[in-house]
Amino acid sequence: MRILVTGGAGFIGSHFVRLLLGPDGPPGLTRVTVLDALTYAGNPANLADCRDDPRLAFVHGDIRDGGTVRELVGTHDAVVHQAAESHVDHSLDRAADFVSTNVQGTQTLLDALLHHSGDGADRTMLHVSTDEVYGSIEEGSWPEDHPLQPRSPYAASKAAADLLVLAHHRTHGLDVRVTRCSNNYGPNQYPEKIIPLFTTRLLDGLTVPLYGDGGNVRDWLHVEDHCRALLLVLARGRAGEVYNIGAGTELSNRALTERLLAECGAGPDRIRPVADRKGHDRRYAVDASRIRSELGWRPRRGFDEGLAETVAWYRENRAWWEPLIRPDRPHGEVRPHGEVRPHGEAPVLDGARSGAGNEAGV
Ligand code: NAD
């Protein structure tokens, strides 16, 4: 089996590649190809521990490049599509980039699948989406057939991509599956999202910028549990189906911040309230009963243990995150604009990359 992972140098993508190549990977796996543009969020160092595996190949390219995508899709049995502009805050300033990558990029993959659909090979595409496509919910949780009511440009671009993917199943019979997961945490997450941002700032003795009243609620899932769910949907999910993924570990941002303060041995004086994010969704909550009952998925990592391990990872891996924080700006004070390396550069898996600053984000 040959699997193409778009965005495999990012946070979730790199954990997924590690799972594929590890002892719990799929039987008969012969090749994993990562297609990644290495934007500010993509980091070859995330794949450093896999780089000697002869089954791993890295292609430095863009999912919007139809020629590259068509060639790669033709030589793989499955596509796990994770490449995206993923940070809500940036989508408030530069929504067009999100439409381009998240919508046009996904369509480019679908066009390639369609192009090769007559060649007799059975190909599957797993589209990795987010619970944010459902909008915001005061009480209860969303089942998969809940109407999509995205509120940020990021969520709207992911929802558009979801609909295009599902339309290609209904119209053309492509074997596509969609997953919608809650907030992930774990090692290797770019320090713009709340857990790595706050952790690295606390480890540096700085304050943490908490949005609004801190009452926004998210459901947290360890990245490895998300990746195991993706593998299950790829192996045994149904074509044309959507699977929600979430652990039901709901925490307000303030409660999360208090846990991080405790893990880092810091007091509440380190919280710095900042104006709320525009259009900040109050609460997300998915109903994950389908993936639990159909595919037997269960999260394995408890939140307390997972969070403590994650903070320990950032404490012990400064060499990973320090280069990502721009030396010319105060840590976490300025939103970055995504930097894309020139395409056609030689593939690199040795950790060299460019950095960017950041603002509070979830
Ligand atoms: P990330 O920002 O860490 O990684 C994204 C990766 O995509 C990077 O390696 C980047 O270089 C690459 N990329 C961006 N634009 C590209 C392009 N045009 N062509 C090729 N590669 C490109 O994101 P993440 O947090 O790992 O999220 C991965 C996927 O999971 C995304 O699709 C996201 O929407 C989804 N998701 C994330 C979360 C979460 O909590 N992080 C939750 C649910 C779903």
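Accessible areas in this report come from the Shrake-Rupley method with a 1.4 Å probe. On that basis, the accessible surface of the protein chain comes to about 13,800 Å², and carbon and sulfur atoms hold 49% of this area. The model is a predicted one, and the description below moves from the chain as a whole to the ligand site, then to one helix, one loop residue and two cysteines.

**The chain**

The protein chain contains eleven helices and twelve strands. It has 362 residues, of which 57% are buried. Among the contacts in the chain with a separation of 6 or more, 83% are made by residues that stand 24 or more positions apart.

**The ligand site**

The shell around the ligand comprises 30 residues, and those that come nearest are Ile12, Asp36, Ser86, Tyr154 and Lys158. Sorted by class, this shell holds twelve nonpolar, 13 polar and five charged residues. Several elements contribute at least two residues each, namely α1 (11-21), β5 (124-130), α5 (153-172) and β7 (183-185), and β5 gives the most, with three residues. Polar atoms of the protein that lie beside oxygen atoms of the ligand include the following.

| Residue | Protein atom | Distance to a ligand oxygen atom |
|---|---|---|
| Tyr154 | polar side-chain atom | 2.6 Å |
| Ser86 | polar side-chain atom | 2.7 Å |
| Leu38 | backbone N or O atom | 3.4 Å |

Taken alone, the ligand exposes 840 Å², and the protein buries 96% of that area.

**Helix α1**

How many of the eleven residues of α1 are buried? Ten of them are, so the helix is largely enclosed by the rest of the structure. The buried residues are Phe11, Ile12, Gly13, Ser14, His15, Phe16, Val17, Leu19, Leu20 and Leu21. Ile12, which belongs to this buried set, is also one of the residues that come nearest to the ligand. Against which elements do the buried residues of α1 pack? Their partners are the strands β1 (2-6), β2 (31-36), β3 (56-60), β4 (78-81) and β7, together with the helix α7 (223-236). Of these partners, β7 also supplies at least two residues of the shell around the ligand, as α1 itself does.

**Gln82**

Gln82 is found in the loop between β4 and α3 (88-93). With a relative accessible area of 12%, Gln82 is buried, because a residue counts as buried when this value is under 20%. A polar atom of the side chain of Gln82 lies 3.5 Å from the backbone nitrogen of Gly13, a residue that is itself among the buried ones of α1. Leaving aside neighbours within four places in sequence, Gln82 is in contact with Val5, Thr6, Gly7, Ile12, Gly13, Phe16, Val128 and Leu230. This loop residue therefore touches Ile12, Gly13 and Phe16, which are listed among the buried residues of α1, while being buried itself.

**Cysteines**

A search of the whole structure finds zero disulfides. Cys181 is in no disulfide, and the nearest cysteine sulfur, that of Cys227, is 9.0 Å away. Cys227 is likewise in no disulfide, the nearest cysteine sulfur being that of Cys181 at 9.0 Å. Because a disulfide is a pair of cysteine sulfur atoms within 2.5 Å, a separation of 9.0 Å does not qualify. Are these cysteines buried or exposed? Cys181 counts as buried at 3% relative accessibility, and Cys227 is buried with a relative accessible area of 1%.

Methods. Residues are numbered from 1 along each chain as its sequence is written. This is a predicted model: local features need pLDDT of at least 70, side-chain atom pairs count only at pLDDT 80 or more; totals for chains, interfaces and linings use all residues. Side-chain values use heavy atoms; hydrogens and water are left out. A residue is near a molecule or strand if one of its heavy atoms lies within 4 Å of it. A polar contact is a pair of N or O atoms within 3.5 Å; within protein, one must be able to donate a hydrogen and the other to accept it, and residues adjacent in sequence count only if both atoms are side-chain atoms. Helices (H or I, at least four residues) and strands (E, at least two) are DSSP runs, numbered from the N terminus. Ala, Val, Leu, Ile, Met, Phe, Trp, Tyr, Cys and Pro count as nonpolar, Asp, Glu, Lys and Arg as charged, and the others, Gly among them, as polar. Buried means under 20% relative accessible area, exposed over 50%, partly exposed in between (1.4 Å probe, protein chains only). Contact means heavy atoms within 4.5 Å.
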